[in-house]
Amino acid sequence: MEAYVKTTIKDKVAEIEFFSPASNSLASEQLTQLSAAIKGWGENDGISVIHLKSAGTKVFCAGASFDELLAIEDLESGTNFFMGFANVINAIRTCGKIVVTSVQGKVVGGGVGIAAASDYVFATEGAFVKLSELSIGIGPFVIEPAVTRKIGLTNMAKLSLNATTWRTAKWAAQAGLYHEVETTLSELNDSLDKFLKQLVSYSPQALSAMKKTLWEGTEQWDVLLKERAGVSGQLVLSEETNKALTQFKRK
């Protein structure tokens, strides 16, 4: 099955779903499609809420495409690569609609950034999280503002510096990354449906105003995340990172 990003409209909810056969890791083209979909539906007056999800049951998102990461040869292409998740985060931030994300499985790297940028997150008990970037010679610099905004510096340090350690969904909820944790995917979907119906019953103007309030103080993120993408783009060119990536691929 080929990778995709698709949207389904359900009672004023734009359900944006992504899929990749590589554990829902996202290639640059998919990230571009995802950010465009979020922006586009955010500007649609017929939509009240955006629901973001991925296909499958075991992995929500394994981050960015590893094959693309290995192919980076210069600073420009490196920066552009890391701008993929930066653009998705900024699209969620500025789209004007509340973004509700359902996380049905494990989350790594940039996927954690998507969850952190979301306005409300439902997760299953299997939705473990990990930031593995330091273990492959780079760092979670692009997604850090979104993650730290949700879970604080202390918990960000736990995730980023313990780069090989999985944190449970319970830990993620206590840290502030997840808002609701359900035992099964079926229970998650039931709770999610009720929540979405509740949201679309509210005033669209009130929801839009609430969105702006929730994101106050982040107006500089267009510049900040581009700078962070440049940091990661530079690091990925280093000899140490190349060795780490090569070893990781052999596992």
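These are my notebook entries on what I looked up in this structure.

**Entry 1: the model**

I am working with a predicted model. I kept that in mind while I went through the strands, pockets, cysteines and a few single residues.

**Entry 2: a three-strand sheet**

I began with the strands and asked in what order they stand in the open sheet of three. I found the order β4-β6-β8, and the pairing is parallel. The strands at the edges are β4 (59-61) and β8 (129-130); each has a single partner strand, so one side of each is left without a neighbour in the sheet.

Next I looked at how β6 and β8 are joined. Strand β6 covers residues 106-108, and two bridges link it to β8 in parallel fashion. I noted one of the partners by name: valine 108 has lysine 130 in β8 as its bridge partner.

**Entry 3: more strand pairs**

I then turned to β2 and β3. They pair in the parallel sense, with six bridges between them. Valine 13 has valine 49 in β3 as its bridge partner. Is β3 mostly covered or mostly uncovered? I counted five buried residues out of its six, so β3 is mostly covered under the rule that buried means under 20% relative accessible area.

Strand β7 (residues 120-124) gave me a similar kind of entry: four of its five residues are buried, and the strand is mostly covered. I looked up its partners as well. Four bridges join β7 to β5, and the two run parallel. In that region valine 103 stands opposite alanine 123 of β7. β7 also pairs with strand β9 (residues 180-182), again in the parallel sense, over three bridges. There I wrote down that threonine 124 has glutamate 182 in β9 as its bridge partner.

**Entry 4: the largest pocket**

How big is the volume of the largest pocket? I read about 770 Å³. Its lining has 38 residues, and those nearest the centre are Ala62, Gly63, Ala64, Ser65 and Phe66. The elements that give two or more residues to this lining are α1 (28-42), α2 (66-70), α3 (75-94) and β6. I met β6 earlier, in the three-strand sheet. Helix α1 gives the most to the lining, with four residues. I also sorted the lining by class, which came to 22 nonpolar, eleven polar and five charged residues.

**Entry 5: the second largest pocket**

The second largest pocket has a volume of about 360 Å³. I found 19 residues lining it, with Glu15, His51, Leu192, Asp193 and Leu196 closest to the centre. Two or more lining residues come from each of β2 (13-19), β3 (49-54), β5 (98-103) and α7 (185-200). Which element gives the most here? The answer is α7, with eight residues. The classes in this lining are seven nonpolar, six polar and six charged residues.

**Entry 6: cysteines**

I wanted to know how many disulfides there are. A disulfide is a covalent bond between the sulfur atoms of two cysteines. The count came to zero. Why is cysteine 61 in no disulfide? The nearest cysteine sulfur, that of cysteine 95, is 18 Å away, and a disulfide needs the two sulfurs within 2.5 Å, so cysteine 61 does not qualify. Cysteine 95 is in no disulfide either, as its nearest cysteine sulfur is that of cysteine 61 at 18 Å. I checked the surroundings too: cysteine 61 is buried, with 0% relative accessible area, and cysteine 95 is buried as well, with 7%.

**Entry 7: three single residues**

Glutamine 30 sits in helix α1. At 6% relative accessibility, glutamine 30 counts as buried. Its side chain reaches the backbone oxygen of phenylalanine 19 at 2.7 Å.

Arginine 93 is in helix α3 and is buried, with a relative accessible area of 9%. I looked at arginine 93 together with alanine 146: 53 residues separate them in sequence, and their C-alpha atoms are 9.6 Å apart in space.

My last stop was threonine 213, which is found in helix α8 (residues 204-214). Buried or partly exposed? At 41% relative accessibility, threonine 213 counts as partly exposed. From its C-alpha to that of alanine 3, which is 210 residues away along the chain, I noted a distance of 35 Å.

Notes. Residues numbered from 1 in each chain as written. Predicted model: local features only at pLDDT ≥ 70, side-chain atom pairs only at ≥ 80, totals over all residues. Heavy atoms only, no water. Pairing = 2+ DSSP bridges. 1 Å grid on protein atoms, 1.4 Å probe; cavity = no way out; pocket = protein on both sides within 12 Å on 5 of 7 lines; lining within 4 Å. Points joined across faces, edges and corners; volume = space filled by probe spheres on them. Nonpolar A, V, L, I, M, F, W, Y, C, P; charged D, E, K, R; others polar. Buried < 20%, exposed > 50% of the residue type's maximum accessible area, 1.4 Å probe, protein only. Polar contact = N/O pair within 3.5 Å; in protein donor to acceptor, adjacent residues only side chain to side chain.
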